[in-house]
Amino acid sequence: MGKKYVQARARIDCQRRYSLEEAIALSKEVSFAKFDETIELAVRLGVDPKHADQMIRGAVVLPHGTGQKVKVLVFAKGEKEREAREAGADYVGSDDLIKKITEGWVEFDKAIATPDMMGAVGRIGKILGPRGLMPSPKVGTVTFEVERAVKELKAGKVQYRVDKVGNIHVVVGKKSFDSKKLAENILALLDSVVKAKPAASKGTYLRGIALATSMGPGIRIDPVSALAVLKG
């Protein structure tokens with residue numbers, strides 16, 4: 001750990017759970033990088049991902065986007081291919097793109113596919129899956145509504161999926177965002193995650209929340225106070 005990181009961590013009370021407002025303000029105060037850092041939220045959930053009925057996966061359009069430029073690829077043919085291009089997709093095609101990806105090209109951030117393309121796209125599932133790029137109907141990326149899907153991803157739609165130990169990690173903005181916009185993005189994400197709670201989950205669902213800049217230490221947020229803000 002570098003000197004600046006250690007100094008930043010020293011300003012955070014590791015035993016305390018801050019309010020959402022306090023955590024956002026503190027993340028900006030302790031940021032030491034000279035670039036506009038990405039801000040990420042980590043949420044620990046009371047689920048056991050080993051059970052299929054407790055596997056959580058979803059997507060939400062953040063009100064103020066992520067501050068990142070997203071390269072969107074669309075697998076489509078015919079009229080839907082034209083629709084994707086007009087909507088602003090960066091790469092559009094079918095078998096040509098599948099061949100290119102098979103050869104090792106993955107220079108895109110999100111992928112969308114029309115349902116009729118999924119049989120062919122499935123052949124590269126082993127490439128796309130581990131990278132989190134596989135289109136899925138659960139998050140709205142397997143659809144004939146190509147224009148809407150492209151525009152949502154470009155506008156800041158983020159996807160989340162619980163990992164093997166019950167955590168999700170999602171980019172919620174940039175350090176340059178004002179505090180109100182960051183708070184609204186975070187609350188939109190938490191609202192989506194809360195609504196995705198599986199019936200099989202017992203006990204406390206939101207067990208831990210932490211906020212961190214891309215270079216900085218994590219700041220723990222009190223889940224109870226965050227839920228109170230969410231409920232208004």
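Colleague: How many salt bridges does a search of the whole structure find?

Modeller: The search finds 13 salt bridges. Keep in mind that this is a predicted model.

Colleague: Why is the contact of Glu22 and Arg16 called a salt bridge?

Modeller: The side chains of Glu22 and Arg16 come to 2.8 Å, N to O. The rule asks for a side-chain nitrogen of Lys or Arg within 4 Å of a carboxyl oxygen of Asp or Glu, so this pair qualifies.

Colleague: And what makes Glu22 and Arg16 partly exposed?

Modeller: Partly exposed is the class between under 20% (buried) and over 50% (exposed). Glu22 has 34% relative accessibility, so Glu22 belongs there. Arg16, at 35%, is also partly exposed.

Colleague: How do you know that Glu81 and Arg85 form a salt bridge?

Modeller: Their closest N and O atoms are 3.1 Å apart, and the limit is 4 Å, so the name fits.

Colleague: Where do Glu81 and Arg85 lie?

Modeller: Both are in helix H3, residues 78-87. They sit four residues apart, about one turn of the helix. Glu81 counts as partly exposed at 23% relative accessibility, and Arg85 does so at 49%.

Colleague: Arg85 has 49% relative accessibility, so why is Arg85 called partly exposed?

Modeller: Exposed needs over 50%, and buried needs under 20%, so a value of 49% leaves Arg85 in the class in between.

Colleague: Which residues are linked with Glu145 in a network of salt bridges?

Modeller: Glu145 is linked with Arg148, Glu152 and Lys157. The side chains of Glu145 and Arg148 meet at 2.9 Å, N to O. Glu145 is partly exposed at 47% relative accessibility, and Arg148 is partly exposed at 32%.

Colleague: Let's turn to the rings. How many aromatic pairs are there?

Modeller: The count comes to two aromatic pairs. One of them joins Tyr91 and Trp105, with 4.9 Å centre to centre and 85 degrees between the planes.

Colleague: Why is the pair of Tyr91 and Trp105 called edge-to-face?

Modeller: The centres must lie within 6.5 Å, and 4.9 Å meets that, so the rings count as a pair. Planes over 60 degrees apart count as edge-to-face, so 85 degrees earns that name.

Colleague: What does the pair tie together?

Modeller: Tyr91 lies in strand E4 (residues 91-93), while Trp105 lies in the loop between helix H4 (95-102) and strand E5 (110-113), so the pair ties together parts that are 14 residues apart in sequence.

Colleague: Is Trp105 buried or exposed?

Modeller: Trp105 is buried, because its 15% relative accessibility is under 20%. Tyr91, at 24%, is partly exposed.

Colleague: What makes the pair of Trp105 and Phe108 tilted?

Modeller: Their planes are 40 degrees apart, with 5.4 Å centre to centre. Stacked needs under 30 degrees and edge-to-face needs over 60, so this pair is tilted. Phe108 is buried, at 5% relative accessibility. Tyr91, Trp105 and Phe108 form one aromatic cluster.

Colleague: Which residues form a positive surface patch?

Modeller: The patch is formed by Arg17, Arg44, Arg207 and Arg220. Arg207 lies in strand E8, residues 206-213.

Colleague: How does the value for Arg207 compare with the patch cut-off?

Modeller: Patch residues need over 30% relative accessible area, and Arg207 has 37%, so Arg207 meets that cut-off. With that value, Arg207 counts as partly exposed.

Methods: Residues numbered from 1 in each chain as written. Predicted model: local features only at pLDDT ≥ 70, side-chain atom pairs only at ≥ 80, totals over all residues. Heavy atoms only, no water. Patch = residues over 30% accessible without salt bridge, like charges linked within 9 Å, V, L, I, M, F, W, Y side chains within 5 Å. Areas by Shrake-Rupley, 256 points an atom, 1.4 Å probe, with all protein chains shown as cover. Lys, Arg positive; Asp, Glu negative; His and termini not counted. Charge placed at Lys NZ, Arg CZ, Asp CG, Glu CD. Helix = DSSP H or I, 4+ residues; strand = E, 2+ residues; numbered from the N terminus. Buried < 20%, exposed > 50% of the residue type's maximum accessible area, 1.4 Å probe, protein only. Phe/Tyr/Trp six-rings, centres within 6.5 Å; stacked < 30°, edge-to-face > 60°.
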